[in-house]
Amino acid sequence: MTPSWAPFGRTGREDDPTPTPMPAAAASHGALPRAPRRSLAVITCMDARIDPLAGFGLALGDAHVLRNAGAEATDDVLRSLRISHDAAGTREVWVVGHTDCLAHGSDDLRVEESLRRSLERITALTLGFRVRTFRYHLGSGWLEELSFPPGSQAAAAD
């Protein structure tokens, strides 16, 4: 049995999807504050090859982590960001796409276009978030920060 990353326990055999609870020592996670220590929310892909804590230099309790196909800032993600901001004081958002993303047809240019759209949608919330965009390179584990000049979102949509 191979353990998956905490706090979600173990997944057991491939043919047995029933999770196995974590040992009692993991119960101490309840002592962490609800608000993320770094006032950070991370939007990333649901790809099973990504461990957002270890891969992005974070520890348990540092950030709210939101995962969906393609790391898109969808309506439900925006709702979660608003709650994170209003209820937990989140001030920064990282949007992290990755290489070889199935949701974007394994096309890195489509990942970049998605990151631009997400940046635009998050900025439109007018909550004052500092928004940073990254591409995670699955082969090397390198987290590359991407910078989009003002107005580049509209140009990218053309």
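Which residues of α2 are buried? Let's start there, and keep in mind as we go that this is a predicted model.

So, α2 covers residues 75–88. Its buried residues are V77, L78, L81, S84 and A88. If you look down the axis of the helix, those buried residues fall within an arc of 140°, so they line one face of α2. Turn to the other side of α2 and you find D75, R79, D86 and A87, which are exposed.

What sits over the buried residues? The cover includes β1 (40–45), β2 (63–68), β3 and α3.

A quick check on the helix itself. With 14 residues at 1.5 Å a residue, α2 should span 20 Å. The C-alpha atoms at its ends are 19 Å apart, which agrees. After α2 comes G89, and its phi is positive, near 75°.

Now let me pick out one residue on that helix, S84. Is S84 buried or exposed? Its relative accessibility is 4%, and buried means under 20%, so S84 counts as buried. Its side chain isn't without a polar partner, though: there's a polar contact with the side chain of H64, at 2.7 Å. Setting aside neighbours within four places in sequence, S84 touches A41, H64, G89 and T90. So G89, the residue with the positive phi that follows α2, turns up again in that list.

Okay, over to the strands, and to β4 in particular, residues 130–137. Seven of its eight residues are buried, so β4 is largely enclosed by the rest of the structure.

Who are its partners? On one hand there's β3, residues 92–98, which runs parallel to β4 and is joined to it by seven bridges. As an example, V93 has V131 in β4 as its bridge partner. To get from β3 to β4, the chain goes through helix α3, residues 108–123, and this β-α-β crossover is right-handed.

On the other hand there's β5, residues 142–146, and here the pairing with β4 is antiparallel, over five bridges. Here Y136 stands opposite L143 in β5. β4 and β5 make a hairpin with four residues between them. In the turn, have a look at G141: it has a positive phi of about 80°.

To tie the two halves together: β3 and α3, which we just met on the way to β4, are also among the elements covering the buried residues of α2. That's my tour, so over to you.

Note on methods: Residues numbered from 1 in each chain as written. Predicted model: local features only at pLDDT ≥ 70, side-chain atom pairs only at ≥ 80, totals over all residues. Heavy atoms only, no water. Buried < 20%, exposed > 50% of the residue type's maximum accessible area, 1.4 Å probe, protein only. Pairing = 2+ DSSP bridges. Right-handed = clockwise from strand over helix to strand, strands pointing away. Expected span 1.5 Å × (residues − 1). Arc of directions from axis to C-beta. Contact = heavy atoms within 4.5 Å. Polar contact = N/O pair within 3.5 Å; in protein donor to acceptor, adjacent residues only side chain to side chain.
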